[in-house]
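Reader: I am in my first year of study and should like to look closely at one part of this protein. Could you please take me through the side-chain contacts, beginning with a charged pair and ending in the interior?

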Amino acid sequence: MHQSEMLNGTWTLYFGDDDGSILTSAQAAKAKNYRQIEARVPGNVEQDLVRAGIEADPFYADHVLEFEKYEYSSWLFERIFAADNRQEGRRVLLRFGGINTFATIILNGGVIGETANMLIPHSFDITSVIRWHEPNTLAVYIRPAMNQARRMTYSAAARGGEHSD
């Protein structure tokens, strides 16, 4: 029998300029003077910025242009949760329906996985790192796709060939 615990709902979101480092905690984000707002998961940061009163509705007029500046931002989502200790001794998987796009997943200060594709679900076995009798801190650090793409190398086939005609 499978038991599910949903972590949907309110998370804390920190965001700021990407410098190439990977932040693994709220303390690291605060040390870099990242801004902090509430976020809804599942959801998207654009709507979180609107709810926080930082940006106007992107679906009205040309407000979407105001969001271009965030294409180079890093995002750290954090949530503290308690595990159901009645499940202790069982295998525990952490599942994401989709993370956009390049992310590092951190549980209790340790990296448990990476993602590089938003179009597929991701699962991570956290059996050995989940805390059963004290709070767990889950962080999802999302790197800006624009900067990540610049750091990657591409084969000629991936870049597309030059036309001979």
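**Salt bridges, aromatic pairs and the core**

Author: Asp-125 and Arg-91 join their side chains in a salt bridge, with 3.1 Å from N to O. Asp-125 belongs to strand β7, whereas Arg-91 sits in the loop between β3 and β4, so the bridge ties together parts that are 34 residues apart in sequence. Please keep in mind that the model is a predicted one. With a relative accessible area of 62%, Arg-91 is exposed, while Asp-125, at 42%, counts as partly exposed.

The structure has seven salt bridges by the rule applied here. Another of them links Lys-32 to Asp-19, at 2.4 Å from N to O. Lys-32 is found in the loop between α1 (26–31) and β2, and Asp-19 in the loop between β1 and α1, so this bridge ties together parts 13 residues apart in sequence. Lys-32 is partly exposed at 35% relative accessible area, and Asp-19 is partly exposed at 47%.

A further bridge stays inside one helix. The side chains of Arg-51 and Asp-48 meet at 2.5 Å, N to O; both residues lie in helix α2, three residues apart, which is about one turn of the helix. Arg-51 is partly exposed, with a relative accessibility of 39%. Asp-48, in contrast, has a relative accessible area of 1%; buried means under 20%, so Asp-48 counts as buried. Salt bridges also connect Glu-55, Glu-66 and Lys-69 in a network.

Strand β7 returns when one turns to the aromatic rings. There are five aromatic pairs in the structure. In one of these, the rings of Phe-15 and Tyr-70 have centres 6.1 Å apart and planes at 70°; since planes over 60 degrees apart count as edge-to-face, the pair is of that kind. Phe-15 is part of strand β1 and Tyr-70 of the loop between α2 and β3, so the two rings tie together parts that are 55 residues apart in sequence. Both residues are buried: Phe-15 has a relative accessibility of 5%, and Tyr-70 has 12%.

Phe-96 and Phe-124 form an edge-to-face pair as well, because their ring planes stand at 70°, with the centres 6.2 Å apart. Phe-96 comes from strand β4 and Phe-124 from strand β7 (residues 122–125), so parts 28 residues apart in sequence are tied together. Phe-96 is buried at 12% relative accessibility, as is Phe-124 at 10%. Elsewhere, Phe-15, Tyr-70, Phe-67 and Trp-75 make up one aromatic cluster.

Trp-75 also leads into the interior. In soluble globular proteins, nonpolar side chains tend to be buried together. The largest nonpolar core here contains 28 residues, and Trp-75, Phe-77, Ile-105, Leu-138 and Val-140 are those with the most contacts inside it. At least two residues of this core come from each of β1 (9–17), β2 (35–41), α2 (45–51), β3 (73–81), β4 (93–96), β5 (102–107) and β8 (136–143). Another core, of nine residues, lies apart from it and includes Tyr-34, Leu-76, Ile-106 and Tyr-141.

Phe-77 brings the account back to the charged residues. Leaving aside residues up to four places away in sequence, Phe-77 touches several others, among them Trp-11, Leu-13, Val-45, Leu-138, Val-140 and Asp-48. Asp-48 is thus a residue that both touches Phe-77 and shares a salt bridge with Arg-51.

Definitions and conventions: Residues are numbered from 1 along each chain as its sequence is written. This is a predicted model: local features need pLDDT of at least 70, side-chain atom pairs count only at pLDDT 80 or more; totals for chains, interfaces and linings use all residues. Side-chain values use heavy atoms; hydrogens and water are left out. A nonpolar core is a set of buried Ala, Val, Leu, Ile, Met, Phe, Trp, Tyr and Cys residues joined through side-chain atoms within 4.5 Å. Buried means under 20% relative accessible area, exposed over 50%, partly exposed in between (1.4 Å probe, protein chains only). Helices (H or I, at least four residues) and strands (E, at least two) are DSSP runs, numbered from the N terminus. Contact means heavy atoms within 4.5 Å. Rings of Phe, Tyr and Trp (its six-membered ring) pair if their centres lie within 6.5 Å; planes under 30 degrees apart count as stacked, over 60 as edge-to-face and the rest as tilted. A salt bridge is a side-chain nitrogen of Lys or Arg within 4 Å of a carboxyl oxygen of Asp or Glu.
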